[in-house]
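Grab a pencil and keep the viewer open. Below are a few exercises, each with a solution you can follow on screen.

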Amino acid sequence: MFIYHRLGVNKLSNNSISKDQVARYAKHYNEQNKSKVLERAVTKNGILAASEGLRGGADFSPVFSIDLETGAVANQKQSGRCWMFAALNTMRHHLSAEFKLKDFELSQNYTFFWDKFEKSNWFYENIIATADKPTSDRKVAWLLNEPQGDGGQWDMLCAIIDKYGIVPESVYPETYNSNKSNEFNTLLNEKLRKDAVELRELVNAGSSDEQVQSRKEKMLEEVYRMASYSFGEPPTTFDWEYRDDDKNFHREAGLTPKSFFEKFVGWDLTNYVSIINAPTDDKPFNHTYSIEMLGNVVGGRQVKHLNLNMHDFKQAAINQLKAGHSVWFGCDVGQHSEPRKRGLLDLGVYDEEALFDIDLSMSKAERLDYSESLMTHAMVITGVDLVDGEPKKWKVENSWGDKVGTKGYMVMTDKWMSEYCYQVVVDKQFLTEDQRKAQAEEPTQLLPWDPMGALAYKD
């Protein structure tokens, strides 16, 4: 190992692949009767189709012992706002039931606007704070790799709501750019990197804090203009008219986004906390963690996770479902699953190991430590099937429209959840007293690239 580091791979010619090796591999391949049959199957149909399992449908029946009524699913379209859709969906479930508003939606575009604006300021402040470091420094490179994007976590959505509130979708509807965010992200990231050049130069030239902040303010004004052109300028006050499921007409005049949240959602967001399952050696259970440089609102809510073992992780979610409340959760949706059509999150959907005669087994900790898995997508758990008190499968509300699974709802097996779910958000009342005490402790700060800092972004 030390030879590799000292000499580099190019110096180790004795370890290069020889012609004799290739000949041996080819001979062994062609001696196997199944090789050409499988070669034809995989080349013609692809790896997933060729390895798809033939399991029966009983395990995946969309029937659950606890099944919350939540209505039609939303559609994030070509944007990475899954975390935002999932969080707002948990709130609209409550609002819809309380005020009899079937299939009501909160404006994801509104929180998207403010997230873009606040992430820009977050980036500027981190660039200023690291201006004394070279661009080759890993933290600076981390910042510049993606100055901002669509992804996020629960605490980041709470930070936006704490500061700006929320509004109904009818008040601030979707736009081309909120549904298809790539054009805006590309341009904004170009601007942020260009601004980073100027801010770093100002700091390193000895400019005063007032001079640097004054220039940053002009940059933020430009970001506000870009976001307003692209998503529409967000409302500060509005009137809202609606008709409930009993056909009664209602009119609410002179609302602000914050007063709307307080009246129609009314949650104390400080009670809703992030629980993770990260069984790696560097994160002992029953302790809290935050991630350096992760966030969106400067001075706002901190991203903070309480790490629990998987049994306690699941029990917290079950407790909340039993009380009639859905659960925001984060997972690695593309791992050993078929989420796009059948809506199945199950370890047996595909069997690539049998197809290629290879061993891919890794522990959950190993997948995290070796960059094989991390959280990529956020959805909502709206049901669970309990057998003798133990979960067997979970009902999942996605935000990819109603063409996936059963009218947009997916089935997640409990075994898949154990391996590829990393985060749930629950009200602290559904934790044990010891867990609440642990959650209240000061968090250990992790490095920016820690897998628990991954942002849910899948579209």
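The exercises start with the whole chain, move on to some paired strands, and end with a few backbone angles. Keep in mind throughout that this is a predicted model.

**Exercise 1. Work out whether the protein chain is as compact as a globular protein of its length.**

Step 1: Take stock of the secondary structure. The protein chain has 17 helices and 14 strands.

Step 2: Compare the radius of gyration with the globule rule. The chain comes out at 25 Å, close to the 23 Å that the rule gives for 459 residues, so it is as compact as a globular protein of that length.

Step 3: Add the dimensions. Along its principal axes, the C-alpha trace spans about 80 × 65 × 45 Å.

Step 4: Look at burial and contacts. Of the 459 residues, 50% are buried. Among contacts with a separation of 6 or more, 78% link residues that are 24 or more positions apart.

Step 5: Finish with the surface and the charges. About 22,800 Å² is exposed, and carbon and sulfur atoms supply 50% of that. The chain carries 55 positive and 69 negative side chains, with the centres of the two sets 4 Å apart.

**Exercise 2. Find which strands pair with S10, and say how well S10 is covered.**

Step 1: Check the burial of S10, residues 377–387. Here 10 of the 11 residues are buried, so the strand is largely enclosed by the rest of the structure.

Step 2: Go through the partners. S1 pairs with S10 in the antiparallel sense over 2 bridges, and Ile66 has Val384 in S10 as its bridge partner. S7 (residues 327–331) is also antiparallel to S10, over 5 bridges; there, Val327 is matched with Ile381. S11 pairs with S10 over 7 bridges, again antiparallel.

Step 3: Pin down the S10 and S11 register. Gly383 has Lys395 in S11 as its bridge partner, while Val380 is matched with Glu397.

Step 4: Zoom in on one residue. Thr382 sits in S10, and its relative accessibility is 0%, which counts as buried. Once neighbours within four places in sequence are left aside, the residues in contact with Thr382 include Ile66, Asp67 and Leu68, along with Lys395, Glu397 and Tyr409.

**Exercise 3. Carry on from S11 to S12: which way does each partner of S12 run, parallel or antiparallel?**

Step 1: Start with S11. This strand is mostly covered, with 6 of its 8 residues buried.

Step 2: Cross over to S12. S11 (residues 390–397) runs antiparallel to S12, and 5 bridges join the two. Val396 has Met410 as its bridge partner, and Trp394 stands opposite Met412.

Step 3: Turn to S9. This strand, residues 344–345, runs parallel to S12 and is joined to it by 2 bridges. Leu344 stands opposite Val411.

Step 4: Ask how S12 is covered. All 5 of the 5 residues in S12 (residues 409–413) are buried, so the strand is largely enclosed by the rest of the structure.

Step 5: Sort the side chains by direction. In a regular strand, side chains alternate between the two faces of the sheet. In S12, Tyr409, Val411 and Thr413 point one way and Met410 and Met412 the other, and all are buried.

**Exercise 4. Say where Lys77, Asn286 and Asp388, each with a positive phi, are found.**

Step 1: Recall the usual case. Most residues other than glycine have a negative phi.

Step 2: Take Lys77. Its phi is near 55°, a positive value in a residue other than glycine. Lys77 is in the loop between strand S1 (66–67) and helix H5 (82–99), and it is partly exposed, with a relative accessible area of 45%.

Step 3: Take Asn286. It isn't a glycine either, yet its phi is positive at about 65°. Asn286 lies in the loop between strand S4 (272–276) and strand S5 (287–291). Its relative accessibility is 38%, so Asn286 counts as partly exposed.

Step 4: Go back to the S10 and S11 hairpin. This hairpin has 2 residues between the strands, and Asp388 takes a positive phi near 55° there.

Definitions and conventions: Residues numbered from 1 in each chain as written. Predicted model: local features only at pLDDT ≥ 70, side-chain atom pairs only at ≥ 80, totals over all residues. Heavy atoms only, no water. Buried < 20%, exposed > 50% of the residue type's maximum accessible area, 1.4 Å probe, protein only. Helix = DSSP H or I, 4+ residues; strand = E, 2+ residues; numbered from the N terminus. Pairing = 2+ DSSP bridges. Rg over C-alpha atoms; globule rule 2.2 N^0.38 Å. Contact = heavy atoms within 4.5 Å. Areas by Shrake-Rupley, 256 points an atom, 1.4 Å probe, with all protein chains shown as cover. Lys, Arg positive; Asp, Glu negative; His and termini not counted. Charge placed at Lys NZ, Arg CZ, Asp CG, Glu CD.
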